[in-house]
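Got your viewer open and your selection box ready? Let's take a walk through this one, stop by stop.

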Amino acid sequence: MDDFRKKLRELQHGEVNSILDDVLRMTAQSAAEGEAERRTLADRILRLWSEREQQSRRSRLGADEMRRHVHIVFALSDAGSLKVTLSELGKRLENEVLAFNDLFSVGPIGNLDQEEGQRCREQWMNERFPSHRGSSFANRENRIEQMIQTLGSIPESKSVTIWCADNAHDQTGLRFALHLLGDRKGPVRVVNASDACKSFSPYAGDEPPYALGLIPREIYGEIVGRFELLAPMESDERRQYEAEWLELSGQAHTLRFWRNGRIVGVAEEVLDSGITGAVRKLRYEVGEDGFVKAGRVVAEVFEHTNQLVGDSFLSYRMWRLISDGVLEFKGLPGELYQYSVRLR
């Protein structure tokens, strides 16, 4: 029996499901057509299956009833941080965390609540970011089309809290989420963590972090612990954000920045000079050949732009500069750690 259990643990989830399907099918056949002893055993297996399935269903329903709050974030890493923090605060069981797995500061966003718009965006992303397809298929429940259904099924009895920071990705996602929740009557809160940081001494008079992942853990824990104290959005405010989404989604921009409290569409090549400037600066810190690790270039650009556009977008722009003869590379095309670049 121990050997059986060991082998079972080595199987993948899908393989276990496939074996279970076969066992249940064979059991059902034995219950209907087998000899008396086989029918008795088959009946016991089917009865056990039914009891365990009902028990699991009741357990899931009970857990769902405990979750009085639903949180929406716009990155899987942000979802992980929020879950951990809620657990540390002893509030995990009563809070559900939903996450989009996308980057709303880049790519087309027209008609994103419809299949045509989603297909257009998916094609744009796949053509530019080689890793996008694999990431998207690995997290199907976090894809835009699935999240639209999930947000639409949130019961009115639950409160909704949307988390964001001062960057075009979160702020675009915030407006999209409020558009999807437009018919909702229940309370909706918005926590702008960048604004919330301003009440903590390290940021008095200084620029707060522009992304959730940059907020120190202690401060983030304080912000999460206070979310229920925040007043829900007024209907007029919600309508304003929804109108801003419609305006944004009607624009043809495929790159968005956060500037002076607004989402601004910019040209795709706007960061090219920052990339070449970073290569020029860093070449003095490397060997005689002047090649700079692509990852270091990306980190340098992020440090000076404070815009959340993602590694993949900057890598895409580097390869455009390579294609245009502005940069040259050595190494393997792919992940940022696999290749280096220098000015021609």
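Start by selecting helix 7 and helix 8: helix 7 passes helix 8 in a right-handed crossing. Keep in mind along the way that this is a predicted model.

**Stop 1: helix 7 on helix 8**

Helix 7 covers residues 144–152, and its axis comes within 10 Å of the axis of helix 8, with a crossing angle of roughly 50 degrees. That angle is why helix 7 counts as oblique to helix 8. Now show side chains. From helix 7 you want Ile144, Ile148 and Leu151, which meet Phe176, Ala177 and Leu180 of helix 8. Colour this contact by class and you get 6 nonpolar residues, with no polar and no charged ones.

**Stop 2: helix 8 on helix 11**

Keep helix 8 on screen and add helix 11, residues 235–249; the two axes come within 8 Å and cross at roughly 110 degrees. So helix 8 is roughly perpendicular to helix 11. Which hand does this crossing have, left or right? The crossing of helix 8 and helix 11 is left-handed.

For the side chains, pick Thr172, Leu174, Arg175, Phe176, Leu178 and His179 on helix 8, then Tyr241, Glu242, Glu244, Trp245, Leu246 and Leu248 on helix 11. The class colouring here gives 7 nonpolar, 2 polar and 3 charged residues. Phe176 is worth a label: it is part of the contact with helix 7 and also of the contact with helix 11.

**Stop 3: the parallel sheet**

Next, switch to cartoon and bring up strands 1 to 4. They make an open sheet of 4 strands in the order 2-1-3-4, paired in parallel. Strand 2 (95–99) and strand 4 (188–192) each have a single partner strand, so these two are the edges and one side of each has no neighbour in the sheet. Look for the twist: ignoring direction, neighbouring strands are turned by 25 degrees against each other on average.

Zoom in on strand 1 (residues 69–73) and strand 3 (residues 159–164), which run parallel and are joined by 4 bridges. Select Ile72 here, and its bridge partner in strand 3 is Ile162. Then turn helix 8 back on, residues 168–180: it packs on this sheet, touching strand 3 and strand 4, and its direction makes about 160 degrees with that of strand 3.

**Stop 4: a hairpin**

Jump along the chain to strand 5 (residues 256–259) and strand 6 (residues 262–265), an antiparallel pair with 4 bridges. Arg259 stands opposite Arg262 of strand 6. The two strands form a hairpin with 2 residues between them, and Asn260 in the turn has a positive phi of about 50 degrees.

**Stop 5: the antiparallel sheet and helix 12**

Select strands 7, 8 and 9 for an open sheet of 3 strands, ordered 7-9-8, with antiparallel pairing. Strand 7 (292–293) and strand 8 (327–331) are the edge strands, each pairing on one side only. Where does Val292 find its bridge partner in strand 9? At Val341. In total, strand 7 and strand 9 (residues 339–343) pair over 2 bridges, while strand 8 and strand 9 pair over 5. For a look at that second pairing, label Gly331, which stands opposite Tyr339 of strand 9.

Now add helix 12. This helix packs on the sheet and touches strand 7, strand 8 and strand 9, with its direction at about 90 degrees to that of strand 9.

Staying with helix 12 (residues 272–282), bring in helix 13 (residues 294–305): their axes come within 9 Å and cross at roughly 115 degrees. This crossing is right-handed. On helix 12, show Gly274, Ile275, Ala278, Val279, Lys281 and Leu282; they meet Arg296, Val297, Glu300, Val301 and His304 of helix 13. By class, that contact divides into 6 nonpolar, 2 polar and 3 charged residues.

**Last stop: a ring pair**

The model has 12 aromatic pairs, counting rings whose centres lie within 6.5 Å. Pick Phe129 and Tyr316: the ring centres are 6.1 Å apart and the planes are at 80 degrees, so this pair is edge-to-face. Zoom out and trace the chain between them. Phe129 sits in the loop between helix 5 (115–128) and helix 6 (132–138), Tyr316 is in helix 14 (residues 311–323), and the pair links these distant parts of the chain, 187 residues apart.

Notes:
Residues are numbered from 1 along each chain as its sequence is written. This is a predicted model: local features need pLDDT of at least 70, side-chain atom pairs count only at pLDDT 80 or more; totals for chains, interfaces and linings use all residues. Side-chain values use heavy atoms; hydrogens and water are left out. Two strands pair if DSSP finds at least two bridges between them. Axes are lines fitted to C-alpha atoms, for helices over the stretch in contact, and angles run from 0 to 180 degrees between N-to-C directions. Contact means heavy atoms within 4.5 Å. Angles under 35 degrees count as roughly parallel, over 145 as roughly antiparallel, 65 to 115 as roughly perpendicular and the rest as oblique. A crossing is left-handed if the near helix is turned anticlockwise from the far one by less than a right angle, and right-handed if clockwise. Ala, Val, Leu, Ile, Met, Phe, Trp, Tyr, Cys and Pro count as nonpolar, Asp, Glu, Lys and Arg as charged, and the others, Gly among them, as polar. Rings of Phe, Tyr and Trp (its six-membered ring) pair if their centres lie within 6.5 Å; planes under 30 degrees apart count as stacked, over 60 as edge-to-face and the rest as tilted.
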